[in-house]
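Reader: Hi! I am new to reading protein structures and would love a close look at one part of this one. Could you walk me through it slowly?

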Amino acid sequence: MTEHHHHHHDHSGPIAIGATAARVVIGLLTVIGIAVVAGAFLLWPSKQHIDIPLPMQNAGGGAVQTEAGTVVLQDVGVCGSPSIGKVFADKPEAPRNTNYKCQRSLITIDSGPHEGSKTLLEIAPGPGQPELKAGDEIRLVRQTDPSGTPLYSFEDYSRGLPLLLIFLVFVLVIIVVARWRGFRALIGLVIAFAVLVGFMLPALLDGKPAIPVALVAGSAILYAVLYLAHGVSLRTSSALLGTLASMLLAAVLSWLAIEITHLTGLSEEQNTNVATYIEHVSITGLLLAGFIIGSLGVLNDVTITQAAAAFELAALDEGASRREIFAAAMRVGRDHIASTVYTLVLAYAGGALPLLLLFSVAGRSIRDVLTGDAVAIEIARSSVGGIALALSVPLTTGIAVMLARPFGHKRLPVPAARRARHARP
């Protein structure tokens, strides 16, 4: 075996890196991880009781209770039956007012204290009103009137089973195509959802500052999803460092964008309801948190690709310098930026289509439309995400190159490097 064979590396994974670089990466991520845990401890929401907002209360001031129901009879006829919303065993009472017609729905109650009984819904036709058909499964709001008589009203269609089937198909396809890594990614999604529901939303509801809450929640999500989906390695760690730095940048840019554009968020009905009924929650804080968390997915996609590209290029050519690896990985990154920016902007535009449709028939100037609060939020969100996305590419690529080709690494001469790549032990 010739001497140059001792330079051969197994290219099935990342090439070996210097111990100093490894210690720096592990140390940085450990410090950030400790800071995230400390931040979660300091920002953890209290157990204070918050009253249910008025539109979400039942007649008694408690939480709205819903029950399952099935439409067994649907027709258009004379309305005004005294049995509307009431519980009965067989047939509703005849209408007393014959002046108007509407859609009448006979419903069987399939759950709760009145399971097996029936109720009657009368729905006047109009925009936003449900068009029920016999056999439809629905959800009914169960309340009581001041005299204690139970009353039922239409809440929504029952979507439990269809949604479950769609979700199971999604899980199956991810696992079949991505296999074990796809399964781990799904576990990461569950953890991300748990962080949002168990920490971030309660902390915001508790009045904690939005940027620290979003940064702590986002960091915890990134640690979980990246290491679960891509394994614990320095390649993944370089992507994680790049994503964390880009998320911090997105937080600063989001704050700056909201401050200089005076975005209020009150153009959206949900935000108005929050401002009205949960007064201690900051709407601009909610906007900030939404900007930060919304950028994580696309940042993660780009940074893991850049880290993988840098490590693979370094492994394929041991004679390449850091500058050459960086330049080659950036060529990959530029293509990725171009395609991902379209994804980012079009995703927000798709969500705002109903709003844009209303503006298109309002006769207002395009300037007024674009600078109005509702559309300006989407423009700011897309721009902040795009800036963080673009800057994450050189940032992550630089980190990955330093790990894949650390200082002190002995470059092989180009001919020796080529021979090493083709050598067999």
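How many bridges join E2 to E3, and do they run parallel or antiparallel?

Author: Happy to help! This is a predicted model, in which local features need pLDDT of at least 70 and side-chain atom pairs count only at pLDDT 80 or more, while totals for chains, interfaces and linings use all residues. Residues are numbered from 1 along each chain as its sequence is written, and side-chain values use heavy atoms, leaving out hydrogens and water.

Now to your strands. E2 and E3 run antiparallel and are joined by six bridges. Strands here are DSSP runs of E with at least two residues, and helices are runs of H or I with at least four, numbered from the N terminus. Two strands pair if DSSP finds at least two bridges between them. In this pairing, Gln-103 stands opposite Ile-123 in E3.

Let us step back to the whole sheet. Five strands form an open sheet with antiparallel pairing, and their order is E3-E2-E1-E4-E5. At the edges are strand E3 (118-123) and strand E5 (150-157), each of which pairs on one side only. On average, neighbouring strands of this sheet are turned by 45° against each other, direction ignored; the axes behind such angles are lines fitted to C-alpha atoms, for helices over the stretch in contact, and angles run from 0 to 180 degrees between N-to-C directions. As background, strands of a sheet pair through backbone hydrogen bonds, either parallel or antiparallel.

Strand E2 also takes part in a disulfide. Cys-79 is joined to Cys-102 with an S to S distance of 1.5 Å, where a disulfide is a pair of cysteine sulfur atoms within 2.5 Å. This pair links distant parts of the chain, 23 residues apart: Cys-102 is in strand E2, and Cys-79 is in the loop between strand E1 (65-78) and strand E2 (101-109). By this rule, the count comes to one disulfide.

What about its handedness? The torsion about the S-S bond of Cys-79 and Cys-102 is about -110°, so the disulfide is left-handed.

Finally, are the two cysteines buried or exposed? Buried means under 20% relative accessible area, exposed means over 50%, and partly exposed lies in between, using a 1.4 Å probe and protein chains only. Cys-79 counts as buried because its relative accessibility is 0%. Cys-102 has a relative accessible area of 4%, so Cys-102 is buried too.
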